Amino acid sequence: MDIRGLTKFSLIDFPGKITCILYVGGCNFRCPYCHNPHLVIDPESQPRLSDSFIFNFLEKRRGKIEGVVISGGEPSMYSALTGFTERIKSLGYFIKLDTNGSNPEVIISIHKNKCLDALGLDYKSIAADYMNLTKSCLEDIADRVQRTILYAIENKIILDVRTTVHKKFHSPEILGRMREELNSLGVTAWTLQQFHAAEVIDDNLSSEPTYSDAELIELARGMGNHTRVRGLKGSFIFDA
Ligand code: SF4
């Protein structure tokens, strides 16, 4: 696996579990608000962590951390993911994949291989705007993402659906329509994540106006069905 980063300890990325986070390089999307542009556009700029380094680390941490979150970048792009997750599982860890949902067959295969316990999935926009926002060239991209969500729900995989919100892309009307799409897929909990004005793919975005925390909370409150808001420090600032 092309692992380009490691967070050794996290309490917030897998519900109820102490985890580490591995970051893969590369992604098949180009979301303008992506806060990992170096990983996505120029993964070679980050030192690659070898499998032996990672599994050495995981061996030593057994009993101290419970799970491994594989994030990115986009992990489902890698054919090596199957063997990688098998090896992590053999050490007794829970596994969560953070994915953009573009490769449902990969997610299904890893789950059928009993190497997937939880999914974090970014729902980017309404289906009709998916190609435009993500810059994906796949015409069925929204369908792929929705298939990933449906599979997770049908198979009772722990599912964390979230959206990084910026006013430029997510008007109140768009957010309302996204809530309706998620409702129709059977998603209840949906997290609106506050945009972090740091280094992002679209440099101009950080200087453009977006919602305050209070405005985001007001929007979430109006949408119901367990729509919640995560602030910049990573914790929930509104949980319906
Ligand atoms: S899918 Fe995630 S990692 Fe890929 S460009 Fe979008 S925000 Fe960045």
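**Figure 1. Pairing of strands β3 and β4 in the predicted model.** Strand β4 (residues 94-99) lies parallel to β3, and 4 bridges connect the two. Within this pairing, I95 of β4 is the bridge partner of V68. Between the two strands the chain passes through helix α3 (residues 81-90), forming a right-handed β-α-β crossover.

**Figure 2. Strand β3 and its pairing with β2.** Strand β2 (residues 19-24) is also parallel to β3, the two being joined by 5 bridges. T19 is found opposite G67 of β3. Strand β3 comprises residues 67-71, and 5 of its 5 residues are buried. In a regular strand, side chains alternate between the two faces of the sheet. In β3, V68 and I70 point one way, whereas G67, V69 and S71 point the other way. Residues of both groups are buried.

**Figure 3. The surroundings of the ligand.** The shell around the ligand includes C27, F29, R30, C31, C34, N36 and V40. It is completed by G72, G73, E74, N100 and D122. By class, these shell residues divide into 5 nonpolar, 4 polar and 3 charged.

**Figure 4. Helix α6 and its buried side.** Helix α6 (residues 141-154) has 14 residues, so at 1.5 Å a residue a span of 20 Å is expected; this agrees with the 20 Å between its end C-alpha atoms. The buried residues of α6 are I141, A142, V145, Q146, T148, I149 and A152. These residues lie on the same side of α6, because they cover an arc of only 150 degrees around the axis. An α-helix has 3.6 residues a turn, so residues three or four places apart point the same way.

Note on methods
Residues numbered from 1 in each chain as written. Predicted model: local features only at pLDDT ≥ 70, side-chain atom pairs only at ≥ 80, totals over all residues. Near = placed C-beta within 6 Å. Nonpolar A, V, L, I, M, F, W, Y, C, P; charged D, E, K, R; others polar. Buried ≥ 20, exposed ≤ 12 C-beta atoms within 10 Å, placed from the backbone. Pairing = 2+ DSSP bridges. Right-handed = clockwise from strand over helix to strand, strands pointing away. Expected span 1.5 Å × (residues − 1). Arc of directions from axis to C-beta.
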